[in-house]
Amino acid sequence: MILLQSHSRYLLQILSNRVQNLEKGVELDCHWVEFDDVRYHIQASMKNPHLLLLSVSLPNPPRETVFVGGLPLGAIEAIKAAYGLLVQILDPPRDGFNLTMKLNLSKLSPDEEYKNTLLVKIASVREVVMGAPLRIFLKHLASRTVAPDVDRLVALVHRPMESFFLVSQAEKVTVVFPMIFKDSIDTVLATSFLQEIVEARRAAGVINAPSCSWSSSPPLELKGAPVEALSANAGFISFVLFPRHVEGKKLDKAVWNLSTFHAYVNYHVKCSEGFMHTRMRRQVESLIQALNRAKPDTEKAKKTGHSRSFKRLSLKEARS
């Protein structure tokens with residue numbers, strides 16, 4: 001199975017090219033959209049080639065999620081911690097965007113390895129912003145504490161008008177995903193895929209992975225959740241994380257994998273559909289070839305019993 005990368009490859013390519021060609025001062029204005037309706041806009045002028053304006057638009061949050069100033073809980077602090085003096089947050093952001101940052105490329109370190117690491121981190125702004133609230137809860141889990149001043153059930157946005165839920169305790173965090181798909185075939189494939197994930201978790205090789213369970217009805221952890229958030233046509237899948245799952249470097253991986261879990265499932269559902277369509281096309285092609293081989297060859301002349309050919313004459317020709 002393929003895991004999605006945390007950084008935007010297109011954004012990383014733009015940043016790398018810009019750093020390598022700062023002296024050229026080329027004007028830049030790019031828009032693009034990535035999965036789960038995350039939109040980007042990056043601009044640079046010829047007058048100040050070392051300054052970039054990067055704007056990010058996040059998925060529309062449902063009512064049950066908590067946004068502070070148009071951003072997820074803890075996003076501002078996470079940006080400052082990740083980028084330091086390299087980034088200045090503009091308030092208010094550009095129209096139609098949740099976040100606009102001014103990047104000063106002249107403040108990048110001359111050390112190539114550190115510079116590349118920082119560029120990858122900038123290209124991972126989606127993970128930094130959308131994963132900020134999840135990171136807060138998982139950090140408290142690593143220290144075996146509970147985040148103060150939060151409800152028992154917390155909703156976090158991960159898709160347009162869709163959220164997943166956290167139940168935070170000192171010794172564990174339960175993450176529940178209502179899995180919603182628009183296409184009926186996607187729903188069937190996703191349901192089967194999710195059930196296979198639960199079965200695979202029981203294998204001896206992944207015994208230390210977070211425990212998971214799937215159900216067609218809302219689990220008890222979602223008691224008190226809004227009714228509209230509980231209409232999941234592919235069921236509900238739950239993961240239980242313990243402190244050992246988020247210690248040290250495992251934290252970043254856990255944040256990214258959980259915040260993009262629906263996109264991960266959707267990606268493999270589409271791959272499965274493509275594989276099945278390819279198999280069906282090959283089967284149809286082989287059947288057509290078999291039918292073509294079974295057709296009589298009308299161009300060959302008919303043979304007599306002594307292998308002599310003859311031509312059927314018309315009535316007029318036979319009388320003459």
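Two strands count as paired if DSSP finds at least two bridges between them. Strands (E, at least two residues) and helices (H or I, at least four) are DSSP runs, numbered from the N terminus. The model is predicted: local features need pLDDT of at least 70, side-chain atom pairs count only at pLDDT 80 or more, and totals for chains, interfaces and linings use all residues. Residues are numbered from 1 along each chain as its sequence is written, and side-chain values use heavy atoms, with hydrogens and water left out.

**Stop 1: the sheet.** Select β8, β9, β10, β12 and β11, which in that order form an open sheet of 5 strands with antiparallel pairing. β8 and β11 (211-215) are the edge strands; each has a single partner, so one side of each lacks a neighbour in the sheet. Neighbouring strands are turned by 20 degrees against each other on average, direction ignored (axes are lines fitted to C-alpha atoms).

At one edge, β8 and β9 are joined antiparallel by 6 bridges; display L153 and, opposite, V167 in β9.

**Stop 2: strand β12.** Now select 236-241. On one side, β10 runs antiparallel to β12 and is joined to β12 by 6 bridges, with V173 partnered by L241. β11 is also antiparallel to β12, over 5 bridges, and here C212 is partnered by F239.

Because 6 of the 6 residues of β12 are buried (under 20% relative accessible area, 1.4 Å probe, protein chains only), the strand is largely enclosed by the rest of the structure. Colour F236, S238 and V240 on one face, then I237, F239 and L241 on the other; all are buried.

**Stop 3: helix α8.** Select 261-294. These 34 residues should span 50 Å at 1.5 Å a residue (taken times one less than the number of residues), and the end C-alpha atoms are 50 Å apart, which agrees. The buried residues of α8 are F261, H262, A263, Y264, V265, H268, V269 and E273. Their cover includes β8 (153-159), β9 (162-168), β10 (173-178), α6 (184-201), β12 (236-241) and α7 (250-259).

**Stop 4: helix α1.** Go to Q20, in α1 (residues 9-20). Q20 has 57% relative accessibility and therefore counts as exposed (over 50%). Select T100 as well: Q20 and T100 are 80 residues apart along the chain, and their C-alpha atoms are separated by 23 Å.

Terms used:
Contact = heavy atoms within 4.5 Å. Axes fitted to C-alpha atoms, helices over the stretch in contact; angles between N-to-C directions.
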